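Student: I should like to study this structure by asking about it step by step. May we begin once it is displayed?

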Amino acid sequence: MNLRLKVAAVAITALAAVAPAHALVIGTAETTNSIPFGSTLGGYYYQQVYSAASFGSAIDISQISFYNTLLPGGTPRTGSFQLYLSTTTADVATFDTNISLPWFDAAFTQVFDGALPALADGRLDFDLSTVFHYDPSAGNLLLTVRSFDVGSGSLYLDSDPNTGVTNRRFSAYPYDSNEGLVTGFNDTLAVPEPATMALFGTGLLGLGLVRRSRRA
């Protein structure tokens, strides 16, 4: 491979790295809720469903974010949490009162296990241990949060009171809440890091120098 092709390969590789991840935020902040990351009122299990129509296309989910803008401050609960992602055919509008749905299934994909991240810049960002490929054609997206630790905390996160977009339920008792936490998927990953931008710039500069040398 000649020098020009090598530099071009570097530029293409850098460009692929710069391409932002598919990012999406679902819900509009209109109220707040402490379940499940700010209090134990919801019990051991929390589930939230997201309409497949909100995604539009497949997405590789590597980060999940929740927001703390309407009632800033607070402390996330202590203890260990497990997050799972899966798909479901459950209806979004009646999800909160459907007690026949299983709270946990071995087919769920575990994407996080550990203590809650620190609250930073008005948000909780979970960097997932496993990338989950979600295809909306397979059904609605289901998030399951499990914690058996009775940890302390006080945190109110932004919620979207909506039917048809997202909805939640928790294991402590059935409750017709018609709301769900505003959720970001790959929200901070849409902006390339400075180092990645520098790599891209180096590749393009090298390609330009090669072209200039050939003309000389």
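Student: Which residue of strand 12 is the bridge partner of Tyr50?

Tutor: In this predicted model, strand 3 (residues 45-50) and strand 12 run antiparallel and are joined by five bridges. Tyr50 belongs to strand 3. Its bridge partner in strand 12 is Thr166.

Student: In what order do the strands of the open sheet of five strands lie?

Tutor: The pairing in this sheet is antiparallel. Strand 7 (109-114) and strand 12 (166-170) each have a single partner strand, so they stand at the edges with one side lacking a neighbour in the sheet. On average, neighbouring strands are turned by 15° against each other, direction ignored. The order of the five strands is 7-6-9-3-12.

Student: Within that sheet, which residue of strand 9 is the bridge partner of Ser86?

Tutor: Strand 6 (residues 81-88) pairs with strand 9 (residues 140-146) in the antiparallel sense, over seven bridges. The partner of Ser86 in strand 9 is Leu142.

Student: How many of the five residues of strand 12 are buried?

Tutor: In a regular strand, side chains alternate between the two faces of the sheet. On one side of strand 12, Thr166, Arg168 and Phe170 are buried, and on the other side Asn167 and Arg169 are buried too. Strand 12 is therefore largely enclosed by the rest of the structure, and the number of its residues that are buried is five of the five.

Student: Over the ring of which residue does the charged end of Arg169 sit?

Tutor: Arg169 is one of the buried residues of strand 12. Its charged end lies 5.3 Å from the centre of the ring, which belongs to Phe95.

Student: Turning to the open sheet of four strands, which strands are at its edges?

Tutor: The order of this sheet is 1-14-4-8, with antiparallel pairing. The strands at the two ends of that order each pair on one side only: they are strand 1 (24-26) and strand 8 (123-134).

Student: Is Val182 buried or exposed?

Tutor: Val182 is placed in the loop between strand 13 (180-181) and strand 14 (183-185). Beyond its neighbours within four places in sequence, Val182 is in contact with residues including Val25, Ile26, Phe66 and Asp158. Its relative accessible area is 5%, and because buried means under 20%, Val182 is buried.

Student: Which element gives the most residues to the largest nonpolar core?

Tutor: In soluble globular proteins, nonpolar side chains tend to be buried together. The largest nonpolar core here has 31 residues, of which Phe37 and Ile61 touch the most other members. Among the elements that give two or more residues to this core are strand 1, strand 3 and strand 4. The greatest contribution, five residues, comes from strand 8.

Student: What kind of aromatic pair do Phe37 and Phe66 form?

Tutor: Phe37 lies in the loop between strand 2 (31-33) and strand 3, whereas Phe66 lies in strand 4, 29 residues apart. Phe37 is buried, with a relative accessible area of 1%, and Phe66 is buried as well, at 0%. Their rings are 5.2 Å apart, centre to centre, with 45° between the planes, and the pair is tilted.

Student: What kind of aromatic pair do Tyr50 and Phe185 form?

Tutor: Tyr50 in strand 3 and Phe185 in strand 14 are 135 residues apart, so that the pair links distant parts of the chain. Both residues are buried. With 5.3 Å from centre to centre and 80° between the planes, the pair is edge-to-face.

Note on methods: Residues are numbered from 1 along each chain as its sequence is written. This is a predicted model: local features need pLDDT of at least 70, side-chain atom pairs count only at pLDDT 80 or more; totals for chains, interfaces and linings use all residues. Side-chain values use heavy atoms; hydrogens and water are left out. Two strands pair if DSSP finds at least two bridges between them. Axes are lines fitted to C-alpha atoms, for helices over the stretch in contact, and angles run from 0 to 180 degrees between N-to-C directions. Buried means under 20% relative accessible area, exposed over 50%, partly exposed in between (1.4 Å probe, protein chains only). Contact means heavy atoms within 4.5 Å. A nonpolar core is a set of buried Ala, Val, Leu, Ile, Met, Phe, Trp, Tyr and Cys residues joined through side-chain atoms within 4.5 Å. Rings of Phe, Tyr and Trp (its six-membered ring) pair if their centres lie within 6.5 Å; planes under 30 degrees apart count as stacked, over 60 as edge-to-face and the rest as tilted. A charge sits over a ring if NZ of Lys or CZ of Arg is within 6 Å of the ring centre and within 35 degrees of the ring normal.
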